[in-house]
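Biologist: Please take one part of this model and walk me through it closely. I would like to know how it sits among its surroundings.

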Amino acid sequence: MGSLFEPHVPRSVEIRLLKTVITRRDTCLMDISRASWVNTTHDWSSVVDADHLAQIRQSPAEFAPDGPWHLVLEVLAYAADEASSKGGGHCVVVLHPDDSLSVRDDGRGADTRVDEHGRTVKKPVMATKDLRFFDFPQVEVLPDGHPRRGMSVVAALSEWLAHTNRRLNGAWTQRYENGVPVTDLEPVEVDGTTGTLVHFRPDGSLGSVTVPAAGDLSRLATAWPHLEVHVDDRRND
């Protein structure tokens with residue numbers, strides 16, 4: 001029975017109205033499909049571009065001309081993008097005893113979305129090419145004087161890589177081997193921070209990991225004035 005302030009609506013009409021609302025809602029959800037997401041830096045429709053990763057692995061001297069340090073610069077370039085967008089940022093590079101490297105920043109974290117099937121999808125930054133740079137090496141040059149190509153270079157030329165991502169809507173980690181994901185997105189404890197941690201061990205063919213010279217660090221400050229970078233050598237710990 002309707003209230004004194006609301007017109008009475010027959011039960012059969014209520015059911016039809018409810019069905020209409022549900023149908024419209026489902027239609028809207030289907031319209032927001034993964035295929036409709038706009039590509040800015042990477043192609044959302046692809047999770048892994050095997051041919052792209054193979055191309056990188058076949059030419060390590062081209063894509064990592066300075067060895068492991070060039071891979072660090074590729075990662076730092078994304079941290080610098082984040083720092084520039086918010087007026088400043090902080091990043092720590094760690095040289096680990098097992099010859100792996102890690103880069104942690106305090107940015108927003110990699111874009112992560114939910115598709116029309118309710119599945120969590122993160123931007124495929126590791127296993128597909130950066131549309132801005134890879135095929136256009138003249139667009140941006142890293143502090144070592146070589147072209148910026150993108151994070152996929154780091155993943156493809158690493159024996160393994162762990163990508164931990166923290167955003168306001170959750171946190172997760174995923175592991176790659178030679179650029180190919182070998183785990184799904186695995187939730188990690190939320191600690192109230194945002195940012196990205198990329199921990200990787202460069203392929204042995206790239207040579208040994210060396211501490212950057214003071215001049216190298218000075219070039220970072222000049223190239224990326226919004227990003228404060230600290231290097232922590234723990235190899236003798």
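Modeller: Buried residues (under 20% relative accessible area with a 1.4 Å probe, protein chains only; over 50% is exposed, in between is partly exposed) make up 40% of the 237 residues in the chain. This is a predicted model, in which local features need pLDDT of at least 70, side-chain atom pairs count only at pLDDT 80 or more, and totals for chains, interfaces and linings use all residues. Residues are numbered from 1 along each chain as its sequence is written, and side-chain values use heavy atoms, leaving out hydrogens and water.

The chain has six helices and 10 strands (DSSP runs numbered from the N terminus: H or I of at least four residues, E of at least two). Contacts are heavy atoms within 4.5 Å. Among those between residues at least 6 apart in sequence, 70% join residues at least 24 apart.

The part I choose is helix α4, residues 68-86. Its 19 residues should span 27 Å (1.5 Å times one less than the number of residues). The end C-alpha atoms lie 28 Å apart, which agrees. Of the 19 residues, 15 are buried, so the rest of the structure largely encloses α4. Gly87 follows the helix, with a positive phi near 85 degrees.

Now the core. The largest nonpolar core (buried Ala, Val, Leu, Ile, Met, Phe, Trp, Tyr and Cys joined through side-chain atoms within 4.5 Å) has 40 residues. Leu76, Phe200 and Trp224 have the most contacts inside it. Two or more residues come from each of α2 (50-58), α4, β1 (89-95), β2, α5 (151-156) and β9. The largest share, 11 residues, is from α4. In soluble globular proteins, nonpolar side chains tend to be buried together. Beyond its neighbours within four places in sequence, Trp224 touches Leu73, Leu76, Ala77, Ala80, Leu142 and Pro143.

The helix also borders open space. On a 1 Å grid over the protein atoms alone, a pocket is an open set of points with protein on both sides within 12 Å along at least five of seven lines; a cavity is a set where a 1.4 Å probe fits but cannot get out; lining residues have an atom within 4 Å of a point. Points join across faces, edges and corners, and volume is the space filled by probe spheres set on them. The largest pocket holds about 460 Å³. It has 21 lining residues, with Tyr78, Glu82, Gly109, Ala110 and Asp111 closest to its centre. Two or more lining residues come from each of α4, β2 (101-105), β5 (158-167) and β9 (195-202). Helix α4 gives the largest share, five residues. The lining has eight nonpolar, five polar and eight charged residues (nonpolar: Ala, Val, Leu, Ile, Met, Phe, Trp, Tyr, Cys and Pro; charged: Asp, Glu, Lys and Arg; polar: the others, Gly among them).

Strand β9 holds Thr196, buried at 13% relative accessibility. Outside four places in sequence, its contacts are Val103, Arg104, Asp105, Gly109, Ala110, His163, Thr164 and Asn165.

Last, enclosed space. There is one cavity of 30 Å³ or more, and the largest holds about 30 Å³. Pro68, Trp69, Val72, Leu95, Leu101, Val209 and Thr210 line the largest cavity. Again α4 gives the most, three residues. By class, six of the lining residues are nonpolar, one is polar and none is charged.
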